[in-house]
Amino acid sequence: MKTRYLRLFVVVFILLGVGSPATAQRSNGLTVEGAVSVEEGSVDGAIIQMYRDGRRLDNYGIGSNGNYKVELNYNHEWTLIFSRPGNFPRKIVVNTHVPAPVLQTDPRFPPFPLNIRLFTEIAGIDRTFSENTVMKIYYSQNVDNFISDLYYNEAQIKHLIDQAILQSQQLGREADYLAGLTKAELAELQKEYDQHIREAENEYRNEEFLKALDGYQAASKIFPKQQYPRDRIAEINDLLGLLMVAEEMQQARAERLAVLIKQADALFASEKYPEARNAYHRALSVDPNNSHAQQRADEINEIIRRQQIDQGYQNLIVQADNSFKELLYVEARNTFQKALDLKQNEDYPKQKINEIDGILSRQTQNAEQLKNYEDAVFQAELNFEKQFYERAISFYESALTHKPDDEMATSRIQEIKDLMNELANRTMYDKLIKSADRSFQRKQYNEAMNEYEHAAELLPNEDYPKNQISRINEIFAEQARLIAEAEAAEQARLAALQAEQDRQYSLAVSRGDSAFNLNEFETSRMAYQSALQVKPDETYPQQRIAEIGQILAQLASAQQNYDAAILRADRDFQSESFESAKAAYTEAQQAKPEETYPAEQIAKIDSIVETRARLAAEAEAEQARLIAEAEAAEQARLAALQAEQDRQYAQAVSRGDSAFNLNEFETSRTAYQSALKVKPDETYPQKRIEEIGSILQEQDRINTTYQNAVALADQQFNSRAYIDAKNNYGKALEIKPEESYPQEKMMEVNRILAQQELDENYRTIILAADGFFNTESWNEARAEYGKALEIKPDENYPKSQIVKIDNLLRQQQERALAEQRAAENMERRRAEIEQRQQQMSERQEMSESGLNQLYNEYISLADGFFDNQRYNVSRAWYYKAWDVKPEETYPPQRIEEINRLVGSLLLSQRDRDYQNFVNLADSTFRENQLAVARGWYNRALSVKSEETYPREQLQAIADLIAERMASRSGEQFNTHMQNASEAFENGNYNVARFWYKKAMELRPDDQQAKEGLLKIEEALN
């Protein structure tokens, strides 16, 4: 509000004139020079108190001739307070911030002339007005030079001095007047004061400053020592001094006086006396010598005084009648006498006094009985005070024997009985609560629930058992949820196991069927047995195994008959018992028709017999040839046997190699084992069998690892831990690249994450945009809303916000640009603090030096915020520093100073409400009552939604809650507790206290941490 008016009063020279021209100054700052004069006497002793960016510098001494010349470095805000003992000071603000391009081009500016005149100080008057800034000097790009805004000229300052003198004279008279008033009269004045303040506040908010001024003046006249209306008066005088010159001010005050008199007269005519008196008092605050207003105010005071007498009389009569009804005759008589003193001509109090005198006279005649009654009541009251309730009832009952219908004794007996019942309920309630709390701590929630419900029935108005019942219900709900989740996970696990079991069963049956069709019965039977291990209740593998057993038994029987027949045949053949040999070979041929050997031998026998018959006569000559032929036949037989063995070995190895190449390792191993049976000394099948064992073992390991990775990924997917799920699906895919399931789930996770990222980006951008919008950073807000539309083009909210921003930018472009720069600086500062806090939270201070470093960093941050006048933020950091080192005095001193500063800045009820909520929030936040603190910070935002500090604190609370939730495993809490315990045992009590408090940030109610802090306090004391 001030800025809008101050821009109207830009001047080049101030106060009394312009100094002489001077040469261009040096390039490192602006020179301000001139002369100081005083209203009376010599200028000796005058100084300039100098402040740079709020920090006090050495005083500048002014010579006896009054001349001065100071050089003020660029890019600072300087405060110059010209003062001299016995004179009112004058404050000048010089802002030497100059754009960098200007300084780089030509940093030289001519000296700024500034002559100052100091007015004589008058003892005993309030000099608050002299603390106001009278001029501000600053660089203007429009003229490429330094110019000034003049807030008060000499006439205005003189007027302020006259006002202060008049106010000081009134203060003494009014203080004496207030000291002689009764409580009732003071209450009436307080009521009028409050009414003036309320009306003035409304007028001030509506920028009706002239109206608000007489309201605050009227309030200040009632209670001159109240600082608040005086501050408002000074502020409004500043504004009015900027808006109009003295003549305009006088004219405005005269018009305002006429309006007030007219308004007051109308209220008086309507017999609205309190409102009329307020209006007349407002008129008197404008013109203290207005006789009409003063006469009417006195007249109203008399009317109100008579009304108060009438009201007081009626109140006394009602009080006396009530005392009379309660048989308190002496008290009733005294009250009737007071009423009669107010109105001596009234008959009713006289009649009642006479009636009471008669009653008291009759009571005197029965004094002994009354004395006994009173003694009994006295003893009853005495025992009641000592909480001997049974004895008190006994004495009241004794009193009733003297006054059987005494309502007081009867009601007191009932009251005591009710109290005893309430105490019994309270005792039982406390017992139940204690037991319930113990059960609750032991997690015996059903027992605790029953006891809390019983306690709640005993004392229905107590909130604690209700809250505990709600907590237990929440625990039950959480337990039910966890059980449901566990059951669902178990069902999923069993389903996965069943699917894997089905797959393994089908694979084993398929291998068995393939081997069976190839007449590899042993391999087939092993495969069917593997299927039965997976599903023992399946009948198909059992039927196949039985069938294979029968086939193998038949084959074994045939082989046995064949081997026996061959053995006999060969023996007979060797002994040349050809007939029996041929019969045996025929028997072997019948046992195994597919064997060629018996047929060959039969043919051989037939040939031998035929040859012998044909060449019987040539026995001697042909014997050698026949022997040779027999030997050749034997060699052929042996060669045939070897060829058959080679064929069977090669066939088994070939089957093994084929199955191996098809990754049918069990079938392959069975084939190689068959080959070893044919040729046990061969190394190739043995190596293959060992290789297959290693492969199958590795496959089992790979399958187990794959299944574990998929199961973990599925669990994380169902828990919406999508990043972890994606990583584990990727691991499963690395294990088995040919599997499609992990690939499909990864694609699904990518779609979810992409949508989440889209939504989160949109939400983050909207939050940033709303933040910029709420801080009136229109360009940033518009850019962010545009980004949001790029992500979600169909959303209406960013479109409507952009329309609003465009309208605001068109209407308030200059102001919006300034506020945009302020928002950017605030955002940068907030980011720096968040980064600093994150760095601090990640440290692990384990020594006294670490605490000192942390303390110094907190103090540095607090001082920085203090210098930037962000007092609430600064106070929070001082509290943190004080919490680290409670023995330090600097933080509490600063906190007290901040509280004083903040209190002095609370100019409206809105300011006071906001600060009150912030104070409550900060207090509960420091006590780790995060939910309560969050409520107060939100209340503060409901009063001032534009403030950033509550939002920053709400984010800090959200971070702490997230940290607590993330620390449920207890690892971080246990680490803090271990650090605290080690520090305590080593006598490092400050370090131990730091870690115990860090632990309580995670678990505020932890009893062990609380006991640790108590031990530290005992050790330190």
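Here are four short exercises with worked solutions on the structure shown above.

This is a predicted model, in which local features need pLDDT of at least 70 and side-chain atom pairs count only at pLDDT 80 or more, while totals for chains, interfaces and linings use all residues. Residues are numbered from 1 along each chain as its sequence is written, and side-chain values use heavy atoms, with hydrogens and water left out.

**Exercise 1: The whole protein**

Task: Find how many helices and strands the protein has, and what share of its residues is buried.

Solution:
- Begin with the elements, which are DSSP runs numbered from the N terminus (helices are H or I with at least four residues, strands are E with at least two). The protein has 37 helices and twelve strands.
- Next, apply the burial cut-offs: buried is under 20% relative accessible area, exposed is over 50%, and partly exposed is in between, with a 1.4 Å probe and protein chains only. Of the 1021 residues, 38% are buried.
- Finally, look at contacts (heavy atoms within 4.5 Å). Among contacts with a separation of 6 or more, 60% come from residues 24 or more positions apart.

**Exercise 2: Helix H8**

Task: Work out how the reach of H8 compares with the expected span, and how many of its residues are buried.

Solution:
- Locate H8 at residues 273–286, which is 14 residues.
- The expected span is 1.5 Å times one less than the number of residues. From first C-alpha to last, H8 reaches 20 Å, close to the expected 20 Å.
- Now check its cover: twelve of the 14 residues are buried. Among them are Tyr-273, Tyr-280, His-281 and Arg-282.

**Exercise 3: H5 against H8**

Task: Describe how H5 and H8 pack, and name some residues that meet.

Solution:
- Two packed helices are described by the angle between their axes and the distance between the axes.
- Axes here are lines fitted to C-alpha atoms, for helices over the stretch in contact, and angles run from 0 to 180 degrees between N-to-C directions. For H5 and H8 the angle is about 95 degrees, and the axes are 8 Å apart.
- That makes H5 roughly perpendicular to H8. The classes are under 35 degrees for roughly parallel, over 145 for roughly antiparallel, 65 to 115 for roughly perpendicular, and oblique for the rest.
- On the H5 side, the residues that meet H8 include Lys-211 and Asp-214; on the H8 side, they include His-281 and Arg-282.

**Exercise 4: Salt bridges**

Task: Decide which parts the pair Arg-256 and Asp-214 ties together, then look at Arg-305 with Glu-302.

Solution:
- Side chains of opposite charge can pair when their charged atoms come close. The rule for a salt bridge is a side-chain nitrogen of Lys or Arg within 4 Å of a carboxyl oxygen of Asp or Glu. By this rule the count comes to 46.
- Arg-256 forms a salt bridge with Asp-214, with the closest N and O atoms 2.6 Å apart. Arg-256 is in helix H7 (residues 246–269) and Asp-214 in helix H5 (residues 209–222), so the pair ties together parts 42 residues apart in sequence.
- Arg-256 is buried at 9% relative accessibility, and Asp-214 is buried at 1%.
- Glu-199, Glu-203, Asp-214, Arg-256 and Arg-282 are linked in a network of salt bridges.
- Arg-305 and Glu-302 also meet in a salt bridge, at 2.6 Å from N to O. Both lie in helix H9 (residues 291–325), three residues apart, about one turn of the helix. Arg-305 is partly exposed at 40%, and Glu-302 is partly exposed at 31%.
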